[in-house]
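Dear colleague,

I am passing on the structure we spoke about, and you will find it just below. My notes on what was found in it follow, so please read them with the coordinates open.

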Amino acid sequence: MNSIRNRLLAGICMLLFVISVCVPFPAGADDRKGTLSLWCVQDEEIVSGMHWQIYRVGHREDNDYVFEAPFDGYRPTLGDQSVSMLEWDADTVASVAETLRVYAIIDKLPVRSEGVTDAQGNLQFTNLEDGLYLVIGDTLKLETKTYIPSAIFFEMNGEEEAYLNAFPKIILETQNEQTAEYTVKKVWMNDKNQPPDLSTYIICELYRDGELYETVQLDASNGWYYKWSDENGHEWLVREKVIPKDYTVVYKGNHTQYLIINTYEPPHNDSSITDEPPSTTTTDDQASDVQTTTSTVSTSTTMPESGTTLQSSSERPPTETTTVTTTVVTSTEPPKLPQTGQLWWPVPLLCGGGLTLIAAGMWLRRKDDQS
Amino acid sequence: MRAVKISCMAIGTALLLAALFLVLHNVAEDRKGGEQAEAVLSWLEQEIPEYTPTETTLTAEQYDLYAPFEERIPEMETIERDGIAYIGYVTVPALDVVLPVQSTWSMEALKTSPCRYAGNLYADDLVLCAHNYSSHFGRIHELQSGDDILFTDAKGQVHPFRVVDVEQYPGTAVEDVTFGNADEWDLTLFTCTLDGQSRVTVRVEKNEDL
């Protein structure tokens, strides 16, 4: 009885297999799946063992890309909103990719697939539908070299196998020291004609390997500067938690310095109010191995602790009141520029006086002679 | 009556002699200042190396991310001679004048050459003062807008400027001479007028064309 049942099941399975192989399903464009072959090779330099992740970001629609969840929330605040993403220049595309990399790590967005480059520096992501993907890699440290990959946008568009060359930047460094020192600095960039209107402090979040590690306050008392130490081998990210109203923010970072630049941006009439995330663009400075992240600030931001909304400078965090005693030393004699002139003014006086006296003496003499 | 007559003649002659003495003194001082400046200049021209721009390629480790945002204006290099530091020399082709410039000013220092009164060449706010010797800045009132001025720093780099304005300020106008409209000039030269009450002030801007 069992043997008959097993034969029947085997027959059904065989039939299904034959049907699946011999009778192809009608494949629509949306069902196409391809493979992305990532190569970390340049000249003779092969980067093996680098961990990469791929995120599905969106798909092409009409003449633009439409971001899909969970990336759709970022799209309105990325790059140049006045033109289609297809019209962005390479720098803008690269910067947006870097920005999304920061969000993907900090906000722990779901990874579509991940893997490690093999001995040939190759990694394949399979079963990718047509669409826009973000490919990001982890920093890899090998002996005296540190490899820093850039985030890359990639579009699958009907290919069975697509190739992507992603050679990370290489930084030579000594790994002798167990600890490294990191610093973050805040810079205000105000418009020339704008009156000083700075926040009294900012809250800066320090992320260590993608996890919030520390929240620090930067203000005038510490020179908008913070320094910390950590053992080597960790990746740090820095984000300004509350971006001042009417300011844009730029994040720049090499592997030990992180710079936050707030630039005054006059409010635009068409600005939309969003809470999260701030609009962000990122540039990747190849020449200096510096990654730059720029965020366009939403017109209102939420206070990190209290949840209140900053609407104007008067509502910014209060500052401590300090009484300063100033001693004013007054001088009755105003400061003068150095006397760089020679003593010429007495010459005409002396000449005039002398000639006058001599003339008077001669006149008296003539008068005396006449008398 | 005779005594008055003699006194007038004697005092008048004395005053004329005093005037003559003062003129001779000033001329001698002018000439001495010129000679001293010339001596220093010939030495300085030998000491200042030929400028060769250096291109440095910064690696990521060396790249200071904060540097562009910090006002790290380098102090002007100096060359010392007999304990006196010089920051370079200034050339005024229109007046056929080339003069060394001392790093700091004092009344004694001004007898030798022009001095830095304030500012920094690299911060575009350098102010030079000098005596109004004809061999020093005595003729800068003759300069006109567009005239070239060159400043050669202690590294040998020649910084070309051109005159944008010549004006006079009272001797008490320290702020005006040193900081007034600083965005509109990069270098200032000043000296006394003949009466000593005012300062002939020449505003100079960088000449990007050269």
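I begin with a single residue in chain B, B:P170, which belongs to strand β7, covering residues 158–170 of that chain. Please keep in mind throughout that this is a predicted model. B:P170 counts as partly exposed because it has 14 C-beta neighbours inside 10 Å, whereas 20 or more would be needed for a residue to be called buried. Once its neighbours within four places in sequence are left aside, B:P170 is in contact with B:Q197 and B:S198. The C-alpha atom of B:P170 is also separated by 9.7 Å from that of B:T193, a residue 23 places away along the chain.

Turning to where the two chains meet, 41 residues of chain B are in contact with 39 residues of chain A. On the chain B side, at least two residues each are supplied by α1 (2–47), α2 (107–110), α3 (174–179) and β8 (187–192), and the largest share, 15 residues, comes from α1(B). Sorted by class, this side of chain B has 26 nonpolar, 10 polar and 5 charged residues.

The helix α1(B) deserves a closer look. Its 46 residues should span 68 Å at 1.5 Å a residue, and because its end C-alpha atoms are 66 Å apart, the two values agree. The buried residues of α1(B) are B:C8, B:G12, B:L15, B:A19, B:G33, B:A37, B:V40 and B:L44. An α-helix has 3.6 residues a turn, so residues three or four places apart point the same way. What covers the buried residues of α1(B) includes α3 of chain A, together with β1 (79–81), β2 (84–92) and β3 (97–102) of chain B.

The same kind of check can be made on helix α3 of chain A, residues 346–370, whose 25 residues should span 36 Å at 1.5 Å a residue and whose end C-alpha atoms are 35 Å apart, which agrees. Within α3(A), the residues A:L350, A:G354, A:L357 and A:G361 are buried, and what covers the buried residues of this helix includes α1 of chain B.

As for chain A as a whole, it holds 3 helices and 24 strands, and 29% of its 371 residues count as buried. Among its contacts between residues at least 6 apart in sequence, 68% join residues at least 24 apart.

Two details of the strands in chain A may be useful to you. One is an open sheet of 3 strands in the order β7-β1-β12, with mixed pairing, in which β7 (122–129) and β12 (161–165) are the edge strands, each pairing on one side only, and in which the twist averages 25 degrees from one strand to the next. Strand β1 (residues 33–39) runs parallel to β12(A) and is joined to it by 5 bridges, with A:L38 standing opposite A:L164.

The other is the hairpin of β4(A) and β5(A), which has 2 residues between the strands and in which A:D62 takes a positive phi near 55 degrees. Strand β4, residues 51–61, is antiparallel to β5(A), and 4 bridges join them; A:E61 has A:D64 as its bridge partner. Along β5(A), residues 64–67, the side chains alternate, with A:Y65 and A:F67 buried on one face, while A:D64 and A:V66 point to the other and are not buried.

With best regards

Methods:
Residues numbered from 1 in each chain as written. Chains lettered and ligands numbered in written order. Predicted model: local features only at pLDDT ≥ 70, side-chain atom pairs only at ≥ 80, totals over all residues. Buried ≥ 20, exposed ≤ 12 C-beta atoms within 10 Å, placed from the backbone. Contact = placed C-beta atoms within 7 Å. Pairing = 2+ DSSP bridges. Nonpolar A, V, L, I, M, F, W, Y, C, P; charged D, E, K, R; others polar. Expected span 1.5 Å × (residues − 1). Axes fitted to C-alpha atoms, helices over the stretch in contact; angles between N-to-C directions.
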